[in-house]
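Reader: I am new to this structure and would like to learn how to read it feature by feature. Could you take me through it slowly?

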Amino acid sequence: MSRNRYAGSMRFTKKIAISAALIGMGIILLMTGLKQQIGPNIDAVSKLKAKGVVNRIINETIHEEFSSGNYEEKLFNVKKGKDGKVQIVQANTPVINEMVSGFSAALQKKYEDMKAVPVKLNYGTLMGSKLLSQTDFGLDIKILPMAVTSCDFETAFETQGINQTKYKVYIILKSSVRVLEPFSADNIQITSKMLICELVIVGEVPDSYVNVPEEDILDVT
């Protein structure tokens, strides 16, 4: 190979290398700019999707654990006077604590057995574009519930119509969830409040409704 041909080949190779480097830098800058532009939207939409996945699993577990437990009669102590009227409704704290502990363990087991749930985030939704929202282009992420970080409960009551009072028990959970995005991963906390039981008492509103003291609430960590 002559010196001129060798020099020409080296110049061509150098141009290819420079072009490849410039293209690579351009792609990096484009991805960085895109990430900065839609990054907050990705985080917000990912959290909504993660909350939806977690709530679905919690609802499934509630149905499995409480569908045949007859907890309505166990979770409240109802005391009546000599005239038969309801005077006191008190939450049965030991039974509720036992129930919450068992539910937390069942949910944790379900988390441990799960595989990551794939979810597509549409670019139109992320960028606020109606045109792109009609396309199939999107960002693929995966959502993996990791652990139940806390689990407790809350009681409440409300009047329903004439001479009816509805007593409710909610379970409040905090779940650690891992969101796997392209080139990144993040752990987020999802808080869920779900109704697990309600009891309707027909009659006048009782003189006393005893709520659960905060110090008596079981915190499962």
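Reader: Which residue forms a salt bridge with Glu198, and how far apart are the closest N and O atoms?

Author: The general idea is that side chains of opposite charge can pair when their charged atoms come close. In this model, which is a predicted one, Lys166 forms a salt bridge with Glu198, and the closest N and O atoms are 3.9 Å apart. Because Lys166 lies in strand 5 and Glu198 in strand 6 (residues 184-202), the pair ties together parts that are 32 residues apart in sequence.

Reader: Are the two partners, Lys166 and Glu198, buried or partly exposed?

Author: Lys166 counts as buried, since its relative accessibility is 15% and the cut-off for buried is under 20%. Glu198, at 32% relative accessibility, counts as partly exposed.

Reader: How many salt bridges does the count come to?

Author: The count comes to 6 salt bridges, and two further examples are useful to read beside the one above. One of them joins the side chains of Asp140 and Lys120, with 3.0 Å from N to O. This pair links distant parts of the chain, with Asp140 in strand 4 (residues 138-159) and Lys120 in strand 3 (residues 117-122), 20 residues apart. Asp140 is partly exposed, with a relative accessible area of 48%, and Lys120 is partly exposed as well, with 45%.

Reader: And which helix holds both Asp113 and Lys109?

Author: Asp113 and Lys109 both belong to helix 2 (residues 93-113), where they sit 4 residues apart, about one turn of the helix. Their side chains meet in a salt bridge of 2.6 Å, taken from N to O. Asp113 counts as exposed at 53% relative accessibility, because exposed begins over 50%, whereas Lys109, with a relative accessible area of 47%, is partly exposed.

Reader: Now I would like to read a single position. Where is Ser175 placed, and what does its side chain contact?

Author: To read a position, one can look at its element, then its exposure, then its neighbours. Ser175 has its place in strand 5 (residues 164-181). Its relative accessible area is 0%, so Ser175 is buried. The side chain of Ser175 makes a polar contact of 2.9 Å with the side chain of Tyr111. If residues up to four places away in sequence are not counted, Ser175 touches Val54, Tyr111, Ala147, Thr149, Ile188, Gln189 and Ile190.

Reader: What about a position in a loop: how far apart in space are Ala116 and Leu144?

Author: Ala116 lies in the loop between helix 2 and strand 3, and at 30% relative accessibility Ala116 counts as partly exposed. Although Ala116 and Leu144 are 28 residues apart in sequence, they are 4.5 Å apart in space, C-alpha to C-alpha. With its neighbours within four places in sequence left aside, Ala116 is in contact with Lys142, Ile143 and Leu144.

Reader: How should I read a pair of strands, and how many bridges join strand 1 to strand 2?

Author: One asks which way the strands run, which residues face each other, and what lies at the turn. Strand 1 (residues 76-80) and strand 2 (residues 86-91) run antiparallel and are joined by 5 bridges. Lys79 stands opposite Ile88 in strand 2. The hairpin of these strands has 5 residues between them, and there Gly84 takes a positive phi near 85°.

Reader: What pattern does the whole protein follow along the sequence?

Author: The secondary structure comes to 3 helices and 7 strands, and, read along the sequence, the pattern is α-β-β-α-β-α-β-β-β-β. Buried residues make up 34% of the 221 residues. Among contacts between residues at least 6 apart in sequence, 68% join residues at least 24 apart. The accessible surface comes to about 14,000 Å², of which 55% belongs to carbon and sulfur atoms.

Reader: Where is confidence lowest, and where is it highest?

Author: Confidence is lowest in strand 7 (residues 208-210), at a mean of 49, and highest in helix 2, at 89. The protein averages a pLDDT of 75, and 66% of the residues score at least 70. Over residues 212-221 pLDDT stays under 50, and for these residues the model has 24 contacts beyond four places in sequence.

Terms used: Residues are numbered from 1 along each chain as its sequence is written. This is a predicted model: local features need pLDDT of at least 70, side-chain atom pairs count only at pLDDT 80 or more; totals for chains, interfaces and linings use all residues. Side-chain values use heavy atoms; hydrogens and water are left out. Helices (H or I, at least four residues) and strands (E, at least two) are DSSP runs, numbered from the N terminus. Buried means under 20% relative accessible area, exposed over 50%, partly exposed in between (1.4 Å probe, protein chains only). Contact means heavy atoms within 4.5 Å. Accessible areas come from the Shrake-Rupley method with a 1.4 Å probe; for residues, only the protein chains shown count as cover. A polar contact is a pair of N or O atoms within 3.5 Å; within protein, one must be able to donate a hydrogen and the other to accept it, and residues adjacent in sequence count only if both atoms are side-chain atoms. A salt bridge is a side-chain nitrogen of Lys or Arg within 4 Å of a carboxyl oxygen of Asp or Glu. Two strands pair if DSSP finds at least two bridges between them. pLDDT is the predictor's confidence in each residue, from 0 to 100.
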